[in-house]
Amino acid sequence: MSRPGPVLFVALLVASVLTTAAVLHARTPDLTLQVTHFTTKISPQGQGPRRVARMRFFVRESDPDATVQIVGPNVKVVRTLYQGPLVADRPVSFAWNGRNAEGALPNPHHRYRLRVILPGQDRDMAYPQRITLAEAARR
């Protein structure tokens with residue numbers, strides 16, 4: 001005669017692991033933030049179109065209290081580009097002139113990222129590609 005206890009325990013353990021994996025996968029930024037254009041190198045003190053970083057993206061979940069930022073190392077805020085509503089699947093564009101909130105050039109040796117916060121969705125996403133400041137900005 002077999003006991004259903006060990007079989008049931010293993011089945012519940014496998015179901016728990018699969019559920020955890022599905023939840024973690026569903027919470028990845030890739031499913032919520034879709035970047036369609038992103039400048040990776042700028043020269044804030046230079047000439048021409050590469051003086052600013054241009055980014056275009058859309059979110060898959062609407063949020064009335066979204067925040068769009070440029071962050072440096074350790075996700076430290078360098079500049080807030082926007083605060084307000086973001087609507088799901090509606091593309092938005094922003095430009096960053098390579099300067100911090102005070103108008104000064106940030107550390108040219110650091111690399112910077114786009115960060116989108118959707119507090120109503122409990123999402124905080126930092127896009128993995130980074131923006132570097134070109135040699136002209138280091139003078």
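**Exercise 1. Work out the strand order of the four-stranded open sheet in this predicted model, and find its edges.**

Solution. Start with the order: the 4 strands run β5-β4-β7-β8, and the pairing is antiparallel. Next, look for strands with a single partner. Those are β5 (77-86) and β8, so each of them has one side left without a neighbour in the sheet. Then check the twist: ignoring direction, neighbouring strands here are turned by 15° against each other on average.

Now go through some of the pairings. β4 and β5 run antiparallel and are joined by 7 bridges. Strand β7 (residues 113-118) pairs with β8, again in the antiparallel sense, over 4 bridges.

**Exercise 2. Place glutamine 69 in the sheet and decide whether it is buried or exposed.**

Solution. First, locate the residue: glutamine 69 belongs to strand β4. Second, find its bridge partner in β5, which turns out to be threonine 80. Third, list the contacts, skipping neighbours within four places in sequence. Glutamine 69 touches Val77, Arg79, Thr80 and Leu81, and also Arg113, Leu114, Arg115 and Ile117. Compare those numbers with the strand ranges: Val77, Arg79, Thr80 and Leu81 fall inside β5 (77-86), while Arg113, Leu114, Arg115 and Ile117 fall inside β7 (residues 113-118). Finally, accessibility: the cut-off for buried is under 20%, and glutamine 69 comes in at 8%, so it counts as buried.

**Exercise 3. Describe the hairpin of β7 and β8, and say which residues lie on each face of β8.**

Solution. Begin with the turn. There are 4 residues between the two strands, and one residue to look at is aspartate 122, which takes a positive phi near 55°. Move on to the register: leucine 118 in the hairpin stands opposite arginine 123 in β8. Last, sort the faces of β8. Arg123 and Met125 make up the covered face, whereas Asp124 and Ala126 are on the uncovered one.

**Exercise 4. How many salt bridges are there, and which residues make them?**

Solution. The idea behind the search is simple: side chains of opposite charge can pair when their charged atoms come close. The cut-off is 4 Å between a side-chain nitrogen of Lys or Arg and a carboxyl oxygen of Asp or Glu. With that rule, the count is 2.

Take the pair of arginine 123 and glutamate 61, with an N to O distance of 3.3 Å. Arginine 123 sits in strand β8 (residues 123-126), and glutamate 61 in the loop between β3 (53-59) and β4 (63-71), so this salt bridge ties together parts 62 residues apart in sequence. On accessibility, arginine 123 is buried at 9%, while glutamate 61 is partly exposed at 22%.

Now take arginine 115 and aspartate 124, where N to O is 2.5 Å. Arginine 115 is buried, with a relative accessible area of 13%. Aspartate 124 is partly exposed, at 44%. That residue also appeared in the previous exercise, on the uncovered face of β8.

**Exercise 5. Which strands form the three-stranded open sheet, and how do they pair?**

Solution. Read off the order: β1-β3-β6, with antiparallel pairing. The edges are β1 (33-38) and β6 (92-96), since each pairs on one side only. The twist from one strand to the next averages 25°. For the details, β1 and β3 pair over 5 bridges in the antiparallel sense, and glutamine 34 stands opposite phenylalanine 58 in β3.

**Exercise 6. Where is the nonpolar surface patch, and which residues make it?**

Solution. Pick out the members: Phe9, Val10, Leu13, Val14, Val17 and Leu18, which together make a patch of about 600 Å². Next, place one of them: leucine 13 is in helix α1 (residues 4-26). Its relative accessibility is 47%, which counts as partly exposed.

**Exercise 7. Sum up the whole chain.**

Solution. Count the elements: 2 helices and 9 strands. Along the sequence, they follow the pattern α-α-β-β-β-β-β-β-β-β-β. Then burial: of the 139 residues, 32% count as buried. For the surface, the chain exposes about 8,800 Å², and carbon and sulfur atoms supply 55% of that area. As a last step, take the contacts between residues at least 6 apart in sequence: 59% of them join residues at least 24 apart.

Definitions and conventions: Residues numbered from 1 in each chain as written. Predicted model: local features only at pLDDT ≥ 70, side-chain atom pairs only at ≥ 80, totals over all residues. Heavy atoms only, no water. Buried < 20%, exposed > 50% of the residue type's maximum accessible area, 1.4 Å probe, protein only. Pairing = 2+ DSSP bridges. Axes fitted to C-alpha atoms, helices over the stretch in contact; angles between N-to-C directions. Contact = heavy atoms within 4.5 Å. Areas by Shrake-Rupley, 256 points an atom, 1.4 Å probe, with all protein chains shown as cover. Patch = residues over 30% accessible without salt bridge, like charges linked within 9 Å, V, L, I, M, F, W, Y side chains within 5 Å.
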